[in-house]
Amino acid sequence: MKSAKVREKFLEYFRGKDHEIAPSAPLVIKDDPTLMFTNAGMNQFKDLFLGNAAIKHPRVADTQKCLRVSGKHNDLEEVGIDTYHHTLFEMLGNWSFGNYFKKEAIKWAWELLTGVYKISPDRLYVTVFEGSKEDNIAFDQESADTWKKYINPSRIINGNKKDNFWEMGDTGPCGPCSEVHVDLRDEREREKVDGKTLVNTGNPEVIEIWNLVFMEFNRKANGVLEKLPARHVDTGMGFERLCMALQDKKSTYDTDVFQPIIRKIEDLCGLRYKPEDRNKQAEITNIGIRVIADHIRAISFAIADGQLPSNTGAGYVIRRILRRAVRYGYQSLGIKEPFLHRLVPVLANQMGEFFPEIEKEKLFVQKVVKEEETSFFHTLEQGLKKIDAVCISVSNSKTNKVVDGKVVFELYDTYGFPVDLTSLIARQYGLSIEEDGFNEEMTKQKSRSKDDAKVDTADWITPHTQRGGLGAATLSPLGRGGEGSAFVGYDSLEAISKIVKYRKVKTKGKELYQIILNQTPFYAESGGQVGDTGILESGSEKIIITDTKKENNLIVHFSETLPKNLSVEFKASVDSRKRLLTMNNHTATHLLHAALRHVLGKQVEQKGSLVNEEHLRFDFSHFSKVTEGELAKIEARVNEKIRENIKSDIQEMPIEQAKKLGAMALFGEKYGDTVRVVTFPADRQSGGDKNYSIELCGGTHVPATGQIGYFKITSESAVAAGIRRIEAVTAIKAEELINDQTGTLNQLKDLLKQPKDLIKNIQELQMQNTALSKQVASLLNEKAKFLQTELISKIQKQNGINFIAEKIELNSSEAIKNLSFELKNKIENLFLVLGASVNSKPILTVMLSDNLVKDKKLHAGNIVKELAKEINGGGGGQPFYATAGGSNPEGLNKAIESAKKFVV
């Protein structure tokens with residue numbers, strides 16, 4: 001059965017069981033600080049499990065793109081090594097929110113697997129939870145009894161807490177689960193060993209394909225379990241593994257899910273994927289191809305869903321995956337140029353029908369991937385030079401023949417070099433690497449990452465309704481509706497509110513409180529707009545709100561303190577100045593977006609934004625630098641719309657209606673059935689489009705564009721391949737910028753004695769400066785020639801080496817460098833050390849003839865580091881040429897004297 005048919009059959013089956021078919025959510029998580037990426041099918045339904053959102057459909061099914069590379073579900077280092085782990089995978093799932101439970105879930109799972117997909121029952125095993133004394137939970141008798149109706153009891157296995165009790169995280173909804181495993185071995189192997197003994201042992205041919213989770217508990221921060229008000233079902237079946245079973249393959253990579261990509265990789269590298277071949281070279285090739293075939297899917301879908309590679313957070317994870325793929329192509333397949341981007345069209349052709357975002361963003365993804373590859377290949381080249389330099393240095397040592405573990409870690413962390421590649425290169429120099437030291441540095445880094453990411457979150461506490469202090473509180477039962485905040489901040493910046501619940505959060509040693517109000521005027525950070533700040537006020541007590549964020553559909557207010565009395569009413573007041581300035585900037589981004597499309601073309605799409613009270617930042621798709629002339633037109637267009645004082649038209653409507661109106665969606669966002677549409681109509685007298693700007697947006701906006709005052713672009717730059725960024729200011733900040741620039745201009749005029757033509761005057765000064773610089777350079781060259789003759793006359797013969805070590809008077813680093821190279825070209829067996837004071841700072845230069853580096857194992861970088869100690873400095877460089885700077889000019893003479901010890 002083809003993979004497309006497998007997916008179709010699953011959704012068709014559950015549609016027939018009255019399940020609503022939900023679309024796959026984006027891979028990138030926006031409003032959940034506990035997750036970077038969607039790593040399970042249930043993520044998009046987390047609000048329903050937590051009771052933070054109303055249940056519209058009690059039965060739901062979907063296929064969800066999932067990414068597991070970091071945190072609890074860290075599969076990255078296993079991917080490609082084995083034949084069934086993946087970074088990106090599809091999770092087929094069906095859910096019940098307080099509707100059906102174990103009996104129906106088990107019955108339908110069995111019916112689908114054996115009746116629809118026709119998997120032989122004698123190849124299936126199931127597990128049930130054996131219970132836990134620690135948590136005082138009994139054996140899952142109901143699941144066991146239900147399974148006995150469909151499968152031989154001998155194929156039912158009791159599973160422990162590790163394998164058969166599913167938890168969302170350290171806290172939250174959880175419950176026992178029942179796994180379905182399939183035995184894919186051939187008949188001969190099955191006769192030798194009972195498959196039952198191989199379940200959950202890591203055997204690649206006896207694998208879990210479906211997990212049925214029965215959520216009925218809530219894990220509190222103190223580890224105690226409590227019953228949920230309603231019981232839920234959350235199932236997840238690995239799409240790729242199911243295809244492997246249905247297509248009678250031994251590996252997911254052998255299915256039609258991966259084969260088109262693998263064939264393209266074979267074309268690019270000229271090697272063949274032969275999983276049946278077990279010799280060492282074939283295994284290296286096979287692993288490399290599997291890594292690349294897997295990783296291109298994760299990279300492409302993440303970028304298509306809005307996550308660009310970067311050096312922090314989720315972007316760093318994507319960059320790591322991409323670089324791992326490039327590394328395997330380089331090291332295992334011998335591909336020495338960018339190649340990953342050429343796989344994107346194959347992936348789009350294969351999966352674009354069901355996941356249209358990958359087809360829509362295909363060209364954009366290709367450009368981003370190609371630029372990342374090109375950059376990393378340059379980094380690899382630098383890394384190779386670094387390895388060579390390190391190995392030459394260690395080789396020169398008479399005693400130590402081991403590359404330091406810290407250096408090996410730097411090569412891994414900075415240049416992306418795996419340990420085995422560094423070890424291979426070291427062996428070519430007759431060296432080994434310090435693996436223990438490397439492992440120690442890796443452990444330290446992981447520890448730092450865990451400490452940075454660690455957040456201690458207490459349970460939510462609900463205050464009593466009667467009067468009382470902090471002690472008058474009870475733990476909040478999870479799953480009951482009505483605990484979220486009603487947002488009233490579109491219409492008012494103040495509200496009378498009560499605290500619904502609160503909790504203590506500790507991160508990086510800092511203690512904060514998170515507060516939920518029954519209604520709030522505070523806007524929670526989302527859609528690029530920062531969260532509001534302000535105060536909660538009751539009587540003489542004021543609690544400062546330092547930030548507002550969304551978490552699982554809750555509006556969370558952050559504060560460093562709690563009120564003394566939690567049960568009274570508070571006046572919640574937003575910082576009005578900050579909000580108004582932020583609104584100016586948010587509306588300006590909409591006007592800017594429309595102006596960009598007007599000036600640059602309709603292909604321009606928003607790719608991200610940041611809106612706060614200081615400035616706005618807008619990222620958009622465009623494959624060339626925006627010219628000064630285009631920027632001027634864009635800025636003029638936005639200011640024209642500001643002067644027109646266009647009134648905003650903001651409405652809520654069904655998403656399908658909004659799409660028909662042409663409303664533009666924010667890149668990478670997930671929208672509900674009802675959306676908020678922000679429109680700025682066109683000037684009717686000027687004709688043109690019916691609406692100047694119409695976008696889906698939950699942010700806050702000005703009532704009319706005239707409030708913005710003025711819009712000024714401050715910069716235009718590249719963010720990534722095909723992504724440009726414009727930064728700008730409005731209103732008061734624009735006024736401040738113009739006043740500052742005008743003040744600078746007036747100061748410049750005063751300095752130049754109020755010239756009639758300021759530009760011409762500056763150009764004349766530049767020409768004079770250029771002429772004087774040439775004269776200085778000429779004088780320095782003449783002086784260098786004189787020094788060259790003088791230095792040659794001072795050569796000392798030391799063991800067949802022409803040794804020069806002198807302090808010179810030459811106030812130019814570039815001139816000293818040129819002098820050193822000229823001497824190297826004229827003098828054989830040269831060992832040159834020069835000291836000088838350049839702009840009152842001491843510098844040292846070491847130049848060696850190539851034969852001294854090769855035959856005498858000398859290294860200029862190491863020598864200059866040693867000499868630099870005398871001037872309280874440091875430096876380095878290549879084996880034949882290196883420089884150092886310092887802070888103690890008085891040490892130059894001693895450094896010069898010390899140089900002789902290297903040739904004696």
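Helices α17 and α18 sit oblique to each other in this predicted model, because their angle of about 135° falls outside the ranges for roughly parallel, roughly antiparallel and roughly perpendicular pairs. Here is a friendly tour of that pair, then of helix α20 and of a serine in strand β24.

**How α17 and α18 pack**
- The axes of α17 and α18 (residues 628-643) are 9 Å apart.
- Their crossing is right-handed.
- On the α17 side, the contact is made by L591, L592, A595, L596, H598, V599 and L600.
- These residues meet E630, K633, I634, R637, V638, K641 and I642 of α18.
- Sorted by class, the contact between α17 and α18 has nine nonpolar residues, four charged ones and one polar one.

**Helix α20**
- Spanning residues 731-751, α20 has 21 residues.
- From its first C-alpha to its last, α20 reaches 31 Å, close to the 30 Å expected at 1.5 Å a residue.
- A731, K733 and A734 are buried in α20.
- Helix α17 (576-600) turns up again here, as the buried residues of α20 pack against α17 as well as β30 (711-720) and β31 (723-730).
- After α20 comes K753, which has a positive phi, near 65°.

**S573 in strand β24**
- S573 belongs to β24, the strand of residues 570-574.
- With a relative accessible area of 10%, S573 counts as buried, because the cut-off is under 20%.
- Leaving aside residues up to four places away in sequence, S573 touches L493, E494, F522, T533, G534 and I535.

Conventions: Residues numbered from 1 in each chain as written. Predicted model: local features only at pLDDT ≥ 70, side-chain atom pairs only at ≥ 80, totals over all residues. Heavy atoms only, no water. Helix = DSSP H or I, 4+ residues; strand = E, 2+ residues; numbered from the N terminus. Expected span 1.5 Å × (residues − 1). Buried < 20%, exposed > 50% of the residue type's maximum accessible area, 1.4 Å probe, protein only. Contact = heavy atoms within 4.5 Å. Axes fitted to C-alpha atoms, helices over the stretch in contact; angles between N-to-C directions. Parallel < 35°, antiparallel > 145°, perpendicular 65-115°, else oblique. Left-handed = near helix turned anticlockwise from the far one by under 90°. Nonpolar A, V, L, I, M, F, W, Y, C, P; charged D, E, K, R; others polar.
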